[in-house]
Amino acid sequence: MRRRHVLTLAAAGAVTAGCSTRRRTPSTDASAPSASAAPAGLAFPKGFAWGASTSAYQVEGGATADGRGPSVWDVFSHEAGRTRDGGTGDVAADHYHRSYEDLDLMRDLGLKSYRFSISWPRVLPTGRGTVNAKGLDFYHRLVDGLLARGITPLVTLFHWDTPQALQEAGGWTNRDCASWFADYASMVCYSLGDKVQTWLTLNEPKTVTEVGYTAGVHAPGVRDRRVANVAAHHLLLGHGLAVQAFRATGRKGRIGAALNLSPVYPADDSDAARKQAVIGDAEENRRWLDPVLLGRYPDDWLATQPADAPVRAAIHAGDLAVIGTKSDILGVQYYNPAYVTATGARVQKHPTSQASWQQLYPQGLYDLLTRIRRDYGDIPLTITENGIPSVHPTDDEDRITFLRDHLTAAHRAIREGVRLEGYHVWSLLDNFEWAEGYTQRWGLIHVDYSTQQRHRKASADWYQQVIARNGI
Ligand code: GCO
């Protein structure tokens with residue numbers, strides 16, 4: 001099953017409108033990508049944070065090294081049939097043992113920023129209680145290595161690897177999980193907080209909700225939409241509590257969430273399709289942005305929840321104020337738009353990549369960034385993920401086209417006043433792509449999994465030049 005494909009099926013009937021009537025600009029439309037499509041010579045603002053992203057379970061390996069405990073993904077990926085090729089994150093790109101080599105690759109690329117995640121069960125093997133000093137030391141060494149190479153760390157606290165011990169206590173369906181997360185965040189932010197300036201609380205709570213708890217094709221494999229919405233609320237509560245816990249450490253720095261967002265467009269000009277697109281927007285975007293940035297759930301999203309929906313009881317008085325605790329930054333992850341028909345069905349209007357859920361539409365990034373500014377104000381933004389899988393091992397011209405077209409769209413948004421501080425390619429390295437196992441390669445750098453040798457792809461060479469020029 002394909003993760004976001006499942007997502008669209010699961011969420012059929014819901015999506016956006018803010019952007020729905022925007023004119024689409026053919027020159028940035030990926031339906032006709034070409035080497036000459038992007039205007040040459042676009043300079044980015046001084047100090048723009050050119051970066052790349054990874055996440056712990058997808059690259060680290062070292063699944064049992066130095067006292068790491070299991071996460072839901074260790075358990076899930078070891079179950080028969082959960083991943084396309086039977087792959088697990090046991091070894092992945094073995095980054096746990098090769099971080100110095102990877103740090104040098106980052107330096108050679110000229111990266112200004114590296115976004116990675118902390119493995120919760122590596123630093124707290126059972127999710128709470130005693131800290132695993134060796135696990136925490138790994139992240140100290142990684143951060144020190146980045147700083148020594150002039151690369152700014154951007155650290156995600158939760159990229160889906162809930163400690164299995166907490167899952168056995170209910171995981172995110174248990175309200176206490178929000179507090180366990182905040183305790184973990186407090187410990188990590190304090191420990192690394194003299195070196196790390198920017199933190200991200202949650203990665204893609206929407207995907208956890210839709211794919212992990214509704215479609216059940218990601219860990220923890222739950223298939224229950226009603227339960228999923230409870231987990232979603234607790235994830236958001238965990239975000240708010242973690243922001244507060246970070247502030248309470250007294251460490252200086254910034255913190256915010258990393259949300260995957262999709263502009264939602266009506267699939268045709270009918271009023272019914274426009275209405276469905278508004279509903280879809282609530283599901284895809286506003287039910288995440290509104291609580292985090294405005295401290296409320298959208299009325300039209302709440303209205304979709306029946307009177308007896310468990311999420312209604314899960315929302316306690318005061319929760320929204322916690323969730324809406326002021327963030328300093330928003331991480332934006334953009335892969336695809338959504339199109340909704342008059343009946344609420346999702347349809348595809350653009351070519352896809354090897355990831356069949358991914359519609360290639362760079363203009364959607366411009367629509368998304370400008371919409372966030374219009375509807376949510378001037379919060380600093382950084383693109384925490386954007387990328388494409390390529391079947392070409394190293395000669396990945398398709399990735400270069402994708403990156404250039406999306407950077408062109410981002411540049412337009414900056415020109416129009418969007419406070420975009422940085423851009424992180426997904427991903428630095430080929431890695432474990434969740435339910436797809438190792439069948440999709442998203443990296444700038446190729447990993448030969450039989451030898452763990454790294455080779456730069458054409459896109460890495462191209463990106464190095466972009467960084468050096470501070471523009472495309
Ligand atoms: C996500 C994650 C990444 C994925 C990437 C490609 O968005 O799912 O943050 O872990 O690997 O998005 O699908």
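**Entry 1: the strands**

I started with strand S4 (residues 198-203), which runs parallel to S5 and is joined to S5 by four bridges. I looked for a residue pair there and found Thr 198 standing opposite Arg 254 in S5. A note to self before going on: this is a predicted model.

From S5 (residues 254-260) I stepped across to S7, again parallel, this time over three bridges. Leu 259 has Val 332 as its bridge partner in S7. On the next step, S7 pairs with strand S10 (residues 381-385) in the parallel sense, over four bridges. Val 332 turns up here too, opposite Ile 383 in S10.

Where does this walk lead? I traced the order S1-S2-S3-S4-S5-S7-S10-S11 and found that these eight strands close into a barrel with parallel pairing. Neighbouring strands of this sheet are turned by 25° against each other on average, direction ignored.

I then checked which way the residues of S7 (residues 330-333) point. Leu 330 and Val 332 go one way, Gly 331 and Gln 333 go the other, and all are buried. That fits what I jotted down about strands: in a regular one, side chains alternate between the two faces of the sheet.

**Entry 2: aromatic rings**

I searched the whole structure for aromatic pairs and got 32. I picked Tyr 96 and Phe 138 for a closer look: the ring centres are 4.6 Å apart and the planes stand at 45°, so I logged the pair as tilted. Tyr 96 sits in helix H4 (residues 95-109) and Phe 138 in helix H6 (residues 133-148), so this pair ties together parts 42 residues apart in sequence.

Are these two buried or exposed? Tyr 96 has 6% relative accessibility and counts as buried; Phe 138 is buried as well, at 1%. Phe 138 also pairs with Tyr 139, with centres 4.9 Å apart and planes at 75°, so that pair is edge-to-face. Tyr 139 is buried at 0% relative accessibility.

I also looked for charges over rings. Arg 122 lies over the face of Tyr 96, 4.0 Å from the ring centre. Over the ring of Tyr 190 I found the charged end of Arg 251, 4.3 Å from the centre.

Last ring item: one aromatic cluster is formed by Tyr 57, Trp 73, Phe 76, Trp 160, Phe 432, Trp 434, Tyr 438 and Tyr 449.

**Entry 3: a bent helix**

Helix H11 (residues 271-294) made me get the ruler out. A straight helix of 24 residues would span 34 Å, but H11 spans only 28 Å between its end C-alpha atoms. I went looking for a bend and found one of about 55° at Arg 286. Just after H11, Gly 295 takes a positive phi of about 70°.

**Entry 4: backbone oddities**

Which peptide bonds did I log as cis? One runs from Ala 219 to Pro 220, with omega near 5°. Pro 220 is in the loop between helix H9 (205-214) and helix H10 (225-249). Another joins Trp 426 and Ser 427, with omega about 15°; I placed Ser 427 in the loop between strand S11 (420-426) and strand S12 (445-448).

I then noted positive phi values in residues that are not glycine. Glu 204 has about 45°, lies in the loop between S4 and H9, and is buried at 1% relative accessibility. Gln 452 has about 65° and belongs to the loop between S12 and strand S13 (453-456). Gln 452 is buried too, with a relative accessible area of 6%.

Notes: Residues numbered from 1 in each chain as written. Predicted model: local features only at pLDDT ≥ 70, side-chain atom pairs only at ≥ 80, totals over all residues. Heavy atoms only, no water. Phe/Tyr/Trp six-rings, centres within 6.5 Å; stacked < 30°, edge-to-face > 60°. Helix = DSSP H or I, 4+ residues; strand = E, 2+ residues; numbered from the N terminus. Buried < 20%, exposed > 50% of the residue type's maximum accessible area, 1.4 Å probe, protein only. Lys NZ or Arg CZ within 6 Å of the ring centre and 35° of its normal. Pairing = 2+ DSSP bridges. Axes fitted to C-alpha atoms, helices over the stretch in contact; angles between N-to-C directions. Expected span 1.5 Å × (residues − 1). Bend = angle between axes of the 7 residues up to and from the residue.
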